[in-house]
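Dear colleague,

Please find below the structure I am handing over to you, together with its sequence. My findings follow directly after it.

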Amino acid sequence: MGVMCCLGWYVIGVISGICGPGAIAATTIAVDSVFISHLQKQLVALRGNDPAAVSAIFAIAAEEQQHHDRSESHVQVGSLWPMFLTPLVSASTEEVI
């Protein structure tokens with residue numbers, strides 16, 4: 001699965017790169033959204049059990065949220081990229097996680 005996973009992410013990266021900044025931003029938003037959701041679930045599960053892990057995960061989640069928000073500013077209103085890329089990239093990210 002490791003090689004296929006890397007190949008899949010490479011293909012998604014190349015396609016979004018060829019399609020331009022809007023597609024790159026939409027891809028980034030989709031990945032970050034799934035990743036942030038996963039981190040939030042980890043925070044809930046670990047709260048009260050492992051303060052060091054909670055602190056580290058909280059910092060990562062905050063950084064990913066900033067990355068997500070910065071990318072949102074690069075998607076033009078009415079852009080079709082999120083409609084096409086979000087389902088594909090989100091499902092791929094969920095599968096990897």
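Angles between helix axes over 145 degrees count as roughly antiparallel. In this predicted model, the axes of helix α1 (residues 2-19) and helix α4 (residues 81-96) cross at roughly 165°, and the two helices are therefore roughly antiparallel to each other. Their axes come within 11 Å, and the crossing in which α1 passes α4 is left-handed.

The contact between these helices involves Cys5, Trp9, Ile12 and Cys19 on the α1 side. On the α4 side, the residues are Trp81, Val89, Ser92, Thr93 and Val96. Classified by residue type, this contact has 7 nonpolar and 2 polar residues, with no charged ones.

Helix α4 deserves a separate note. Leu85, Val89, Ser90 and Thr93 are buried in this helix, and the buried residues of α4 pack against both α1 and α2 (21-46). As for its length, the 16 residues of α4 should span 22 Å at 1.5 Å a residue, which agrees with the 22 Å between its end C-alpha atoms.

Turning to the protein as a whole, the secondary structure comprises 4 helices and 0 strands, in the order α-α-α-α along the sequence. The C-alpha atoms fill a box of roughly 45 × 35 × 15 Å along the principal axes. Of the 97 residues, 30% are buried. Among contacts with a separation of 6 or more, 73% are between residues 24 or more positions apart.

Kind regards

Notes:
Residues are numbered from 1 along each chain as its sequence is written. This is a predicted model: local features need pLDDT of at least 70, side-chain atom pairs count only at pLDDT 80 or more; totals for chains, interfaces and linings use all residues. Side-chain values use heavy atoms; hydrogens and water are left out. Axes are lines fitted to C-alpha atoms, for helices over the stretch in contact, and angles run from 0 to 180 degrees between N-to-C directions. Angles under 35 degrees count as roughly parallel, over 145 as roughly antiparallel, 65 to 115 as roughly perpendicular and the rest as oblique. A crossing is left-handed if the near helix is turned anticlockwise from the far one by less than a right angle, and right-handed if clockwise. Contact means heavy atoms within 4.5 Å. Ala, Val, Leu, Ile, Met, Phe, Trp, Tyr, Cys and Pro count as nonpolar, Asp, Glu, Lys and Arg as charged, and the others, Gly among them, as polar. The expected span of a helix is 1.5 Å times one less than its number of residues. Buried means under 20% relative accessible area, exposed over 50%, partly exposed in between (1.4 Å probe, protein chains only).
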